[in-house]
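This report describes selected features of one protein chain. Please consult the sequence and the three-dimensional view while reading.

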Amino acid sequence: MLKWTRRIALLLLALVVLVLLIAWWMLRGSLAQLEGESDLAGLSAPVSVQRDALGVVTIDAASESDAVRALGYVHAQERYFEMDLMRRSSAGELAELFGPIAVGLDKDRRVHRIRARVSANLDAFAGNRMPQLQAYADGVNAGLGNLRARPWPYLLLRQEPRHWDVLDSALTGYAMYFDLQDAQNVRELGLWQIRRHVPQGLYDLLAHDGTEWDAPLYGEPRGNATLPDASQVDLRTLPMPKTDSHQRLADKGTPGSNNWAVAGALTADGRAIVADDMHLGLRAPGIWFRVRLRYPDPHAPGGKVDVSGFSLPGLPAIIVGSNGRVAWGFTNSYADTADWYPVVPCEGHVSAGCEPVTRHAETIRVAGGEDVPFEVFDTRHGPIVHPAKGDRPALALRWVAQLPGALNFGLSDLARAGDLSAALAVAQRTATPAQNLVVADRNGRIAWRILGPLPSRAGACAHALDRAVGVSPDDDTAASCTPWDLSYQLSPVLTSPENHRLWTANARVIEGDALARVGDGGYALGARAKQIRDGLMAKERFTEQDLLAIQLDDRALFLERWWRLLQDEAKTRPAASAMKAIAEAGKTWEGRAGVDSVSYRLVRAWRLAVHARIADGLTAPAQAALGDDFVMPDLPQLEGVVWPLLEQRPAHLLSRRYESWDALLEDAAKEVRDDLAGQGPLAERRWGERNTARICHPLADALPAFLKPRLCMPGEALAGDGAMPRVQGPAFGASERMVVSPGREADGIIHMPGGQSGHPMSPFWGAGHDDWVHGRPTPFLPGEATHTLTLRPANAQPKQ
């Protein structure tokens with residue numbers, strides 16, 4: 001009997017080993033081919049694909065079509081699953097991969113019907129670049145087909161990857177619309193709802209659009225708000241919700257990006273330099289893919305293209321980078337690109353005052369479940385996102401991304417731009433989500449402009465739209481209103497500024513008529529932009545290293561006054577007060593969002609808690625009126641209201657939850673103390689403990705706990721935060737960093753988190769991530785080749 005038990009145990013062990021070997025073999029089967037030769041149909045000549053030690057790809061080809069065909073091949077072999085997520089995300093088709101958990105998100109996206117809209121207007125996206133887009137799609141499908149096994153995420157999900165076509169490249173681009181703009185227009189809706197239920201003076205306070213921290217490219221800071229007197233607003237006499245707890249504010253950090261440039265007048269040899277770091281959600285692998293493309297091109301200066309930078313798998317283009325003559329980078333502009341239209345849908349037949357509706361039957365396919373039917377009610381203004389409820393009319397949303405011409409492939413032409421004028425001409429005809437483009441050329445010139453189409457609101461529904469919130473509360477219908485269209489002519493441009501410097505950081509950059517055209521889509525607090533501007537103004541000579549130092553600046557200038565306020569307030573408090581406790585624990589002000597800083601963590605948390613209590617008080621009448629329908633909107637400029645409130649402490653603007661401003665400040669301190677009490681002594685609560693990297697593959701949570709770390713980057717403590725140039729959070733921050741001078745790319749610096757490959761068994765999984773964490777300079781151009789793959793035309797003869 002014992003002998004048979006041993007035999008069974010050995011057989012089971014052998015079976016386990018066999019299963020593990022098969023799994024290992026299948027996983028390795030989806031690794032990209034790095035060396036040797038491979039056939040690729042459609043090439044006109046062999047293409048060289050070199051990778052350096054970090055996996056950065058250099059493609060040498062005989063033509064642009066060959067280059068993008070090879071790029072598609074490489075993207076598919078390294079990142080096909082990530083490409084698939086991008087196209088599915090914008091189309092509302094994630095449930096087909098992930099099952100019922102993704103149905104809600106798919107409905108939010110599917111209401112815009114991006115796949116149907118793009119399919120009907122594909123020529124508007126492709127323009128005259130259809131041959132290149134088709135070559136890229138063919139390369140993608142060849143790269144996927146040449147893997148020995150389907151990419152490993154599909155094995156885990158028990159799914160088959162779907163064919164790629166030109167439409168999918170457009171959907172990849174539209175995924176950035178959802179990333180960079182609010183597809184549900186939540187902020188404007190929240191402000192409109194509040195406006196209907198609060199006095200005008202209180203609404204004006206909540207909608208104040210600037211602070212003393214503003215640092216626009218031109219124009220003056222808005223400054224802090226002027227507080228209304230008790231005859232205008234008295235919170236003590238206004239309704240408040242019947243709840244014991246206040247509304248909390250989301251701790252989302254500061255989304256967006258940084259970019260800036262210095263002209264040749266500020267460098268020793270006349271070079272202009274561009275710095276760019278785009279802040280996005282972080283994952284492994286990162287969103288971008290580093291590549292250098294080289295090929296002959298009769299339309300490019302000198303008859304060839306040599307462009308390096310960051311590509312977006314799914315699109316055959318360098319998104320930000322340098323071509324030897326021009327360098328460029330983006331930040332999100334926060335232009336106002338959407339409006340709500342109150343509508344009365346026609347029921348059965350069209351009559352005066354009602355809005356005709358087209359019904360679209362959509363089907364959400366669900367892995368492991370039944371299909372979910374989903375009906376979209378579309379109007380000439382856009383889809384109805386919110387049906388009528390109570391005294392609120394039905395609301396249709398008009399969003400730039402829904403309209404033909406919102407996205408095209410014009411960005412690819414920057415690869416051949418020869419100087420600043422040529423780059424700005426490309427920008428004029430390029431459609432992307434509205435971005436702050438900063439561009440420099442090898443002659444030392446620099447420029448800024450808004451890149452991408454904007455709503456042309458003049459004369460279109462002007463009587464039905466309120467510029468502040470998108471909907472006039474006095475209008476019940478937009479039936480007689482003409483919807484706005486897109487315009488490429490509204491974007492302001494600033495070329496060769498007198499101070500030889502440009503900077504943007506998602507805050508307001510313009511004023512006057514230009515601002516009226518662009519609108520306010522929720523500009524970020526200006527503290528980050530101001531710190532960048534002041535850093536640029538502090539020197540008269542710059543190198544690439546100087547601009548990298550600004551990118552890595554984690555000084556907590558914005559929070560210093562909050563630390564002083566905390567210390568001053570604590571002096572008058574009793575020994576047992578929470579304020580005394582956190583002030584004592586944070587008594588040493590390090591002045592940075594450093595990983596070892598206790599004071600930064602405590603002061604940051606206290607400020608947020610104070611903001612939440614003040615925002616709760618200011619919105620209390622709307623909360624009381626709306627109940628569960630109340631949504632706290634983003635209030636990025638609330639600092640410009642909070643600070644004068646704390647300086648003046650008017651009783652009529654104090655939340656009714658508190659007897660005094662001292663009580664409000666103490667209650668905020670108590671929240672901080674109690675939230676951290678379970679973690680140990682307050683004096684040991686360092687910022688790095690809170691700001692620890694959680695940068696993982698999207699499927700990491702689907703694995704057992706002991707395997708999850710294999711799909712994540714190291715959980716390192718991160719310096720930096722949202723209100724300073726070095727934006728870094730656990731899973732949000734600089735998705736890339738770039739400092740480069742066109743024509744002097746060899747001196748450039750580059751960083752990217754997460755690595756090049758999406759395969760955890762690849763040598764390039766996480767490659768370069770450590771340099772991103774610690775800010776160590778990495779050369780902008782690819783290094784010496786460590787792997788070379790030759791892609792041959794399919795009918796070519798093999799080498800003897």
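## Confidence of the model

Across residues 467–477 the pLDDT remains under 50, and for this stretch the model has 35 contacts beyond four places in sequence. Where pLDDT is low, the predicted coordinates should not be read in detail. The structure is a predicted model. For the protein chain, the average pLDDT is 92, and 92% of the residues score at least 70.

## The open sheet

Eleven strands make up an open sheet with mixed pairing, arranged in the order S1-S24-S2-S3-S6-S7-S8-S9-S15-S16-S19. The edges are occupied by strand S1 (36–40) and strand S19 (493–495); each has a single partner strand, so one side of each has no neighbour in the sheet. From one strand to the next, the twist averages 25°.

At the S1 edge, five bridges pair S1 with strand S24 (residues 787–793) in the parallel sense. Within this pairing, Glu-37 is opposite Thr-790 in S24. Helix H2 (residues 64–91) packs on the sheet, where it touches S1, strand S2 (47–51), strand S3 (57–60), strand S6 (289–296), strand S7 (304–311) and S24. The direction of H2 makes about 160° with that of S6.

## Strand S22 and its partners

Strand S22 (residues 737–740) pairs with two strands described here. With strand S5 (residues 273–281), S22 forms an antiparallel pairing over three bridges, in which Met-738 of S22 is the bridge partner of Asp-276. Three bridges also join S22 to strand S23 (residues 749–751), again antiparallel, and here Met-738 stands opposite Ile-750 of S23.

In a regular strand the side chains alternate between the two faces of the sheet. In S22, Arg-737 and Val-739 point one way, while Met-738 and Val-740 point the other way. All four of these residues are buried.

## Aromatic pairs

A pair of aromatic rings is described by the distance of the centres and the angle of the planes. Searching the whole structure yields 13 aromatic pairs. One of them joins Phe-178 and Trp-399: the ring centres are 5.2 Å apart and the planes stand at 75°, so the arrangement is edge-to-face. Because Phe-178 belongs to helix H9 (residues 166–180) and Trp-399 to strand S14 (residues 394–399), the pair ties together parts that are 221 residues apart in sequence. Both Phe-178 and Trp-399 are buried.

Trp-562 and Trp-606 form an edge-to-face pair as well, with 5.8 Å centre to centre and 80° between the planes. Trp-562 is in helix H16 (residues 560–571) and Trp-606 is in helix H18 (residues 598–618), so this contact ties together parts 44 residues apart in sequence. Trp-562 has a relative accessible area of 0% and is therefore buried; Trp-606, at 0% relative accessibility, also counts as buried. Elsewhere, ring pairs link Tyr-80, Phe-81, Phe-98, Tyr-154 and Trp-164 into a cluster.

## Charges over rings

Two arginine residues place their charged ends over tryptophan rings. The charged end of Arg-196 sits over the ring of Trp-192, at 4.6 Å from the ring centre. For Arg-561, the charged end lies over the ring of Trp-643, 4.0 Å from the centre of that ring.

Note on methods: Residues numbered from 1 in each chain as written. Heavy atoms only, no water. Phe/Tyr/Trp six-rings, centres within 6.5 Å; stacked < 30°, edge-to-face > 60°. Helix = DSSP H or I, 4+ residues; strand = E, 2+ residues; numbered from the N terminus. Buried < 20%, exposed > 50% of the residue type's maximum accessible area, 1.4 Å probe, protein only. Lys NZ or Arg CZ within 6 Å of the ring centre and 35° of its normal. Pairing = 2+ DSSP bridges. Axes fitted to C-alpha atoms, helices over the stretch in contact; angles between N-to-C directions. Contact = heavy atoms within 4.5 Å. pLDDT = per-residue confidence, 0-100.
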